[in-house]
Amino acid sequence: MRCLLQIVGRHVIPSEASSASLKLQMARPLNAFALALLMISLGCRQDMQDQPRFKPLRESDFYADLRSARPPVEGTVARGQLHEDAYFYSGRIGNNPGDYMPFPVTQNVLVRGQERYNIHCAPCHSRLGEGNGMIVQRGFRHPPSFHTDRLRKAPLGYFFDVMTNGFGAMPDYASQIAPDDRWRIVAYIRALQLSQAATMADVPEGQNVPSAPPRFREPGSGATLPEIEPPSNKIEERK
Ligand code: HEC
């Protein structure tokens with residue numbers, strides 16, 4: 001409709017301004033009508049490839065800064081980057097590391113945490129976390145063991161923060177490890193710390209540590225497999 005009005009305006013009103021003959025003026029409404037009808041019947045359209053638009057980064061004198069590309073409105077947030085849950089993305093409450101997991105720790109969380117830890121952290125911190133990974137054995141700075149009192153007591157958010165921002169000689173892992181995986185690693189490190197500082201009191205009832213060697217019913221001859229006696233659930237005397 002706008003298109004139609006433009007055309008009518010452009011073609012018919014100037015004819016009035018140029019003081020055309022009386023006859024033509026009389027005929028104007030009819031003319032306009034005929035023209036409109038003609039345009040409709042021809043199909044008044046503007047194809048997308050012809051639309052008024054700027055090529056990317058083309059100069060424009062419409063804006064004071066001469067750019068056709070406009071900066072996003074202040075405060076614009078890209079999809080998926082709102083990061084409303086500040087603790088989840090920083091591990092901090094205010095300026096201090098917090099000491100809770102932002103989601104429940106399940107078996108799956110720990111399994112994934114272990115896998116990510118072994119990939120990203122073990123090369124330096126070693127699978128046990130005492131800091132003697134392969135890269136360290138080849139000359140990289142020795143990181144502190146996770147099994148010191150200080151790091152055993154460090155709040156969970158602290159480990160998240162070290163991964164997110166790096167620490168001294170250690171680079172940050174923010175771009176390699178997504179925040180949810182960083183938290184899974186945090187959970188796994190805590191499990192690692194518990195496991196390395198475990199005492200007999202932590203061993204579930206009915207289980208021996210170290211587990212007793214298997215008893216053979218039949219030792220096997222080399223050609224035949226040994227037969228192992230099924231483990232009994234009886235708690236053995238510990239000395
Ligand atoms: C390239 C080797 C390397 C890798 C990989 C690495 N670290 Fe480290 N990390 C270090 C070094 C070296 C230090 C000690 C830095 C220093 O004191 O300057 C350290 C220190 C730390 C500390 C202790 C900070 C403190 O308070 O003493 C934590 C926690 C830590 N790393 C966690 C991780 C986690 C989690 C990962 C896996 C995502 C990881 N690191 C991967 C080398 C590494």
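The following paragraphs describe the confidence, the ligand surroundings and the packing of a predicted protein model.

Residues are numbered from 1 along each chain as its sequence is written. Because the model is predicted, local features are reported only at a pLDDT of at least 70 and side-chain atom pairs count only at pLDDT 80 or more, whereas totals for chains, interfaces and linings use all residues. The pLDDT, which is the predictor's confidence in each residue on a scale from 0 to 100, averages 84 over the protein chain, and 80% of the residues score at least 70. Helices (H or I, at least four residues) and strands (E, at least two) are DSSP runs numbered from the N terminus. Confidence is lowest in helix H1 (residues 2–17), with a mean of 45, and highest in helix H9 (residues 156–165), with a mean of 98. Over residues 1–20 the pLDDT is below 50, and this stretch has 19 contacts in the model beyond near neighbours in sequence, a contact being a pair of residues whose C-beta atoms, placed from the backbone, lie within 7 Å.

The ligand is surrounded by 20 residues, of which Cys 121, Cys 124, Pro 143, Gly 168 and Met 170 come nearest; a residue is assigned to these surroundings if its C-beta atom, placed from the backbone, lies within 6 Å of the molecule. The shell comprises 16 nonpolar, 3 polar and 1 charged residues, where Ala, Val, Leu, Ile, Met, Phe, Trp, Tyr, Cys and Pro count as nonpolar, Asp, Glu, Lys and Arg as charged, and the others, Gly among them, as polar. Helix H6 (122–125) and H9 each supply at least two residues of this shell.

H9 also contains the buried residues Gly 157, Phe 159, Phe 160, Asp 161, Val 162 and Met 163, with a residue termed buried if 20 or more other C-beta atoms lie within 10 Å of its own, exposed if 12 or fewer, and partly exposed in between, all C-beta atoms being placed from the backbone. The buried residues of H9 pack against strand E1 (92–93), strand E2 (96–97) and H10. After H9 comes Gly 166, whose phi is positive, near 80°.

The largest nonpolar core, a set of buried Ala, Val, Leu, Ile, Met, Phe, Trp, Tyr and Cys residues joined through C-beta atoms within 7 Å, has 16 residues, of which Phe 159, Met 163, Ile 185, Val 186, Tyr 188 and Ile 189 touch the most other members. Helix H5 (107–120), H9 and H10 give two or more residues to this core, and H10 gives the most, with 7 residues. Val 186 touches Leu 156, Phe 159 and Phe 160, residues up to four places away in sequence not being counted.

Methods: Two residues are in contact if their C-beta atoms, placed from the backbone, lie within 7 Å.
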